[in-house]
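Below is a short briefing on one protein model. Look at the sequence and the structure first, then read the points by topic.

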Amino acid sequence: MSSGYYDAYYGQAQKVRTLVQRDFAAAFEQVDVLVSPTAPTTAFKLGDKLDDPMAMYLNDIATIPANLAGVPGLSLPSGLADEDGLPAGIQLLAPATADERLYSVAAALEALLLQRWGGPILDRAPELEVAR
């Protein structure tokens, strides 16, 4: 990057990243893990949204803060939505270098969900059809 643009773009982006990291550090002083939706919508039908890159980008928006902060994240299916029967997910986040904590919490949650559902959630999902 040329020196004229360093402060305008890269330097400012690094400042924002530092603020995001501080916010996560403060949150992890209060809790062991954070839980949030993985995406703002349920899963797309197969082949749906291929011609809508903005919709696909916006569906990933909830995962960006973890990447900015450099914290580990993991997504699990959380159930099937009432409105369309498609899978929804939850995201678990842990402090940097606390991967083992993340895996332990995710394994415990997954076991509880599998017990509640009586097996893998996809066994209860509607037949997968390609969007037309």
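β2 and β3 pair in the antiparallel sense, with seven bridges between them. The model is predicted. The points below start with this pair of strands and go on to the core, the pocket and two loop residues.

**The strand pair**
- β2 covers residues 73-80, and β3 covers 87-93.
- Leu80 has Pro87, in β3, as its bridge partner.
- Six residues lie between the strands of this hairpin, and Gly85 takes a positive phi near 75 degrees there.
- In a regular strand, side chains point by turns to one face of the sheet and to the other.

**The nonpolar cores**
- Nonpolar side chains tend to be buried together in soluble globular proteins.
- Nine residues form the largest nonpolar core: Val33, Leu74, Leu76, Ile90, Leu92, Ala94, Ala98, Leu102 and Ala106.
- At least two residues of this core come from each of β2, β3 and α4 (99-117).
- A second core, separate from this one, has seven residues, among them Val20, Phe24, Ala66 and Ala69.
- Leu102, a member of the largest core, touches Pro72, Gly73, Leu74, Leu92, Leu93 and Ala94, when residues up to four places away in sequence are not counted.

**The largest pocket**
- The volume of the largest pocket is about 190 Å³.
- Its lining consists of 14 residues, and Thr38, Ala39, Ala43, Pro87 and Gly89 lie nearest the centre.
- β2 and β3 are the elements that give two or more residues to this lining.
- Sorted by class, the lining has six nonpolar, seven polar and one charged residues.
- Pro87 therefore appears twice in this briefing: as the bridge partner of Leu80 and among the residues nearest the pocket centre.

**Two loop residues with positive phi**
- Most residues other than glycine have a negative phi.
- Lys49 is not a glycine, yet its phi is positive, near 70 degrees.
- Lys49 sits in the loop between β1 (34-37) and α2 (53-59).
- Is Lys49 buried, partly exposed or exposed? Its relative accessibility is 27%, so Lys49 counts as partly exposed, a class that lies between under 20% for buried and over 50% for exposed.
- Thr97 also has a positive phi near 70 degrees and is a residue other than glycine.
- The loop that holds Thr97 runs between β3 and α4.
- Is Thr97 buried or exposed? Thr97 is exposed because its relative accessible area is 78%, and exposed means over 50%.

Notes: Residues numbered from 1 in each chain as written. Predicted model: local features only at pLDDT ≥ 70, side-chain atom pairs only at ≥ 80, totals over all residues. Heavy atoms only, no water. 1 Å grid on protein atoms, 1.4 Å probe; cavity = no way out; pocket = protein on both sides within 12 Å on 5 of 7 lines; lining within 4 Å. Points joined across faces, edges and corners; volume = space filled by probe spheres on them. Helix = DSSP H or I, 4+ residues; strand = E, 2+ residues; numbered from the N terminus. Nonpolar A, V, L, I, M, F, W, Y, C, P; charged D, E, K, R; others polar. Pairing = 2+ DSSP bridges. Core = buried A, V, L, I, M, F, W, Y, C linked by side-chain atoms within 4.5 Å. Buried < 20%, exposed > 50% of the residue type's maximum accessible area, 1.4 Å probe, protein only. Contact = heavy atoms within 4.5 Å.
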